[in-house]
Amino acid sequence: MRSQNTIADTVSCSGVGLHTGQPVTLTLRPAPPDTGTVFLVRNGSSHIALGASVENLASTELCTAISGQGSQVKTIEHVLAALAGLEVDNVYIELDAGEVPVMDGSAGPFVQMVRAAGIIPQHRPQPFLKITQSIEVVDGSKRIRIEPSSTPRITYSIQYSHPLIQTQSYSYDHSVSAFERDIAGARTFGFLHEVEALWSRGLAKGGSLDNTIVLTRDGLLNTSGLRYQDEFVRHKVLDLIGDIALLGVPFIGHLIAERSGHALHTKLVEQILQQPDKWVLLNLHEGSAASTSRPVVTAPRPAYGLAMHASTVQALQP
């Protein structure tokens, strides 16, 4: 078990939204203990605060998004994966548009941002959600489940009828070093005919060979090639790390995904929170090192951080 962490300094980056194509600046700011991850979306001269919680999940295509108070933030999964992978628990993510910048299509640039800012402990225990009974979500041939485990682990399998993918499986045992080395740099991917169809519908306006692996019928459009031979399944692991972060606390369990995607990832988060008899919270701040009784809350970190630190959010507004 460990303490909660935040970043030591404020750091920013700029890019374009993968789906909107709009320019956007993203700024990471330190946040107090028990805040969680909170998106601050510019709304005129102020910001709308949206917690990175499945309670704020918005229906969208091809990415994970949250919404509330008339605002929406799309494509949040890569920055959430970077924060979860580096064990940064409390942070404000300020945006001047409604989509996180795609950068190079991976979590790598966000990892570099966090490293540049620095990570500091906050001397408050970090709760963990430990799975005690299996929970599964199935949609035809797609499925995802989480099983009891002594450590956080992900096993992901994908299958595509393409010579560069076919069947790929990857097992990830969480550590900060393993995330940075093996997962963070894996880029998003798509098939040329699908990308062209999205463009015709006014979607994926910010997509390019600089931020997406584009597959032709039997090869790649990207002349730079792949970063990993199995980059495709590693990116799916990255997406799952970002999506499962909508639990609000780190998990201890074994996630097993087969042909899954954002919709099933977030559906599993919802199912976990709806079945509190199948998990316990460990390392609670009330003083005990572990909780062995059924939690009385329906979500491990609700939006209480927003209420507790509303004055801090106000202070960030111009």
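**Group meeting: a walk through the model**

Okay, let's start with M103: setting aside neighbours within four places in sequence, M103 is in contact with C13, S14, G15, P109, F110, D210 and N211. Before I go on, please keep in mind that this is a predicted model. Back to M103, which sits in the loop between β9 (91-95) and α2 (108-117). So is M103 buried, partly exposed or exposed? With a relative accessible area of 25%, M103 counts as partly exposed. There's also a sequence-versus-space point here: M103 and V16 are 87 residues apart in sequence, yet their C-alpha atoms are 7.2 Å apart.

Let me zoom out for a second. The protein has 318 residues, and 54% of them count as buried. For secondary structure, you're looking at eight helices and 20 strands. And if you take contacts between residues at least 6 apart in sequence, 72% of those join residues at least 24 apart.

Now to the pocket, since I guess someone will ask. How much space lies in the largest pocket? About 1,100 Å³. Its lining is made up of 45 residues, and those lying nearest the centre are L62, C63, F189, K236 and H262. If you sort the lining of the largest pocket by class, you get 20 nonpolar, 17 polar and eight charged residues.

Which elements build that lining? At least two residues each come from β6 (57-58), α1 (77-85), β14 (153-160), β16 (189-191), α4 (192-200), α5 and α6 (262-274). The largest share belongs to α4, with five residues.

Let's stay with β16 for a moment, since that strand is where you'll find G190. G190 has a relative accessible area of 10%, so it counts as buried. What does G190 touch, if we skip residues up to four places away in sequence? The list is V195, T212, I213, V214 and L215. Take I213 from that set: it is 23 residues from G190 along the chain, and the two C-alpha atoms are separated by 6.3 Å.

Next, α5, which we just met in the pocket lining. Helix α5 covers residues 231-244, and its axis comes within 10 Å of the axis of helix α3, residues 176-183. The two axes cross at roughly 135°, so α3 and α5 are oblique to each other. For anyone wondering about the cut-off, roughly antiparallel would need an angle over 145 degrees. As for who meets whom, α3 brings F179, D182 and I183, while α5 brings R234, V237, L238 and I241. By class, the residues of that contact are five nonpolar, two charged and no polar.

Last topic: backbone angles. Two residues to pull up on your screens are T75 and E87. T75 is not a glycine, but it has a positive phi of about 55°. You'll find T75 in the loop between β8 (71-73) and α1, and it's buried, with a relative accessible area of 5%. Then there's E87, again a non-glycine with a positive phi, this one about 60°. Where does E87 sit? In the loop between α1 and β9. So going by their loops, T75 comes between β8 and α1, and E87 between α1 and β9.

That's my tour; happy to go back to any of these spots.

Notes: Residues numbered from 1 in each chain as written. Predicted model: local features only at pLDDT ≥ 70, side-chain atom pairs only at ≥ 80, totals over all residues. Heavy atoms only, no water. Axes fitted to C-alpha atoms, helices over the stretch in contact; angles between N-to-C directions. Helix = DSSP H or I, 4+ residues; strand = E, 2+ residues; numbered from the N terminus. Parallel < 35°, antiparallel > 145°, perpendicular 65-115°, else oblique. Contact = heavy atoms within 4.5 Å. Nonpolar A, V, L, I, M, F, W, Y, C, P; charged D, E, K, R; others polar. 1 Å grid on protein atoms, 1.4 Å probe; cavity = no way out; pocket = protein on both sides within 12 Å on 5 of 7 lines; lining within 4 Å. Points joined across faces, edges and corners; volume = space filled by probe spheres on them. Buried < 20%, exposed > 50% of the residue type's maximum accessible area, 1.4 Å probe, protein only.
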